[in-house]
Amino acid sequence: MNKATQTAAIDKTLAEICREFRLPAVASEAQWQRLLECLPVAVRRRFECYSLALSLSGDPFERRRLQEALAERTVPPGAAHMLEEALRLAAAPDLEARFYRFLGSDPQLVAVGLAGRMRLYRELLPSLVAAVTQSGSPPRRILDVGSFAGVVTVTIARVFPQAHVIGIERDVRWVEVARDLARRLAVGNVRFEPADCWAYNPECSVDQIWWLFVTSGQAPEDLLGAILSRARSWLRVGGRLILLERWQQDVDLLIRSAARVAGLAIGDVLPVRWHCPAEGDQLQRTNAYLLDRVS
Ligand SMILES: C[S@@+](CC[C@H](N)C(=O)[O-])C[C@H]1O[C@@H](n2cnc3c(N)ncnc32)[C@H](O)[C@@H]1O
């Protein structure tokens, strides 16, 4: 497939997914808010509580400020309960896992989660796929880590029809959502497995690993070495890791030294930009790293 055909295949797949889930093709913040408003009140409150907890978990100053405000009772009585719950959740070591379990627990919430990401997929996937296909032979085995609803997995399965794509996902509810998606779109060259990536070993080595937004909430210095050495053990020689996380800091130097230690070489660094309705449609920027197993 050339670049134009690839982009058309990606657009067509994403449009089909939106039709299947009855989502707006590119949800604006207002459309996304309207989906949120359709949730039962208790579910919506819980969603807002998780969203707040996720932003508080990386912000100790804001946590302390809220704790002080709650202790001094300067918080409106109606909001105190929710803030206390958000602070409690923010301190939980498995906050992200709990959040994804909750998000996968109800079809309306699944739609909210997906609508929040469809624009990101539309903005990211064409350039990532083009960069990945620029070099090397067509992939035969692809691993998508943290496959969530399976959107990336089925899209790359359509773009690389000769490949077999495996999506691994820690949360079984999302594995079911992804399997259902593949069935509905009649994508046959894909399989989803419930698995924690830190304990996973593929049956045989793979040509590509897609690692998009799996561990974004965690500090890169604690994770990069583990991600890259895992990826190296899964890749065949010449295989490629596509690594994209939303780290708050510049990770360029860290990646370069972790790649050297793991035996990977940086093939390309791709500046990527996308919009996120859940964050006020703001433009987000980061780098995607394409790393190759050279020996
Ligand atoms: C932000 S979501 C979406 C990621 C997906 N790659 C995408 O771009 O649409 C992160 C997903 O990674 C999964 N995940 C997080 N840690 C994981 C792990 N250790 N093993 C497997 N899946 C994991 C979560 O359950 C969640 O579904």
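Trainee: What radius of gyration would a compact globule with 295 residues have, and why does the protein chain agree with it or depart from it?

Mentor: This is a predicted model. The globule rule, 2.2 Å times the number of residues to the power 0.38, gives a value near 19 Å for 295 residues. The protein chain has 20 Å, so it agrees with a compact globule. Along its principal axes, the C-alpha trace spans about 65 × 45 × 30 Å.

Trainee: What makes helix 8 count as largely enclosed by the rest of the structure?

Mentor: A residue is called buried if 20 or more other C-beta atoms lie within 10 Å of its own. Nine of the nine residues of helix 8, residues 151-159, are buried, and therefore the helix is largely enclosed. Among them are Val-151, Thr-155 and Arg-158. In the protein chain, 35% of the 295 residues count as buried.

Trainee: Which elements each supply at least two residues of the shell around the ligand?

Mentor: Helix 8 and strand 2 (164-169) each do so. Of the 17 residues around the ligand, those that come nearest are Gly-146, Phe-148, Arg-170, Cys-197 and Leu-212.

Trainee: How many residues of each class does the shell around the ligand have?

Mentor: The shell has 11 nonpolar residues, five charged residues and one polar residue.

Trainee: What share of the contacts with a separation of 6 or more comes from residues 24 or more positions apart?

Mentor: Such residues account for 74% of those contacts in the protein chain, where a contact requires C-beta atoms within 7 Å. The protein chain has 11 helices and seven strands.

How values were computed: Residues are numbered from 1 along each chain as its sequence is written. This is a predicted model: local features need pLDDT of at least 70, side-chain atom pairs count only at pLDDT 80 or more; totals for chains, interfaces and linings use all residues. Helices (H or I, at least four residues) and strands (E, at least two) are DSSP runs, numbered from the N terminus. A residue is buried if 20 or more other C-beta atoms lie within 10 Å of its own, exposed if 12 or fewer, and partly exposed in between; C-beta atoms are placed from the backbone. Two residues are in contact if their C-beta atoms, placed from the backbone, lie within 7 Å. A residue is near a molecule or strand if its C-beta atom, placed from the backbone, lies within 6 Å of it. Ala, Val, Leu, Ile, Met, Phe, Trp, Tyr, Cys and Pro count as nonpolar, Asp, Glu, Lys and Arg as charged, and the others, Gly among them, as polar.
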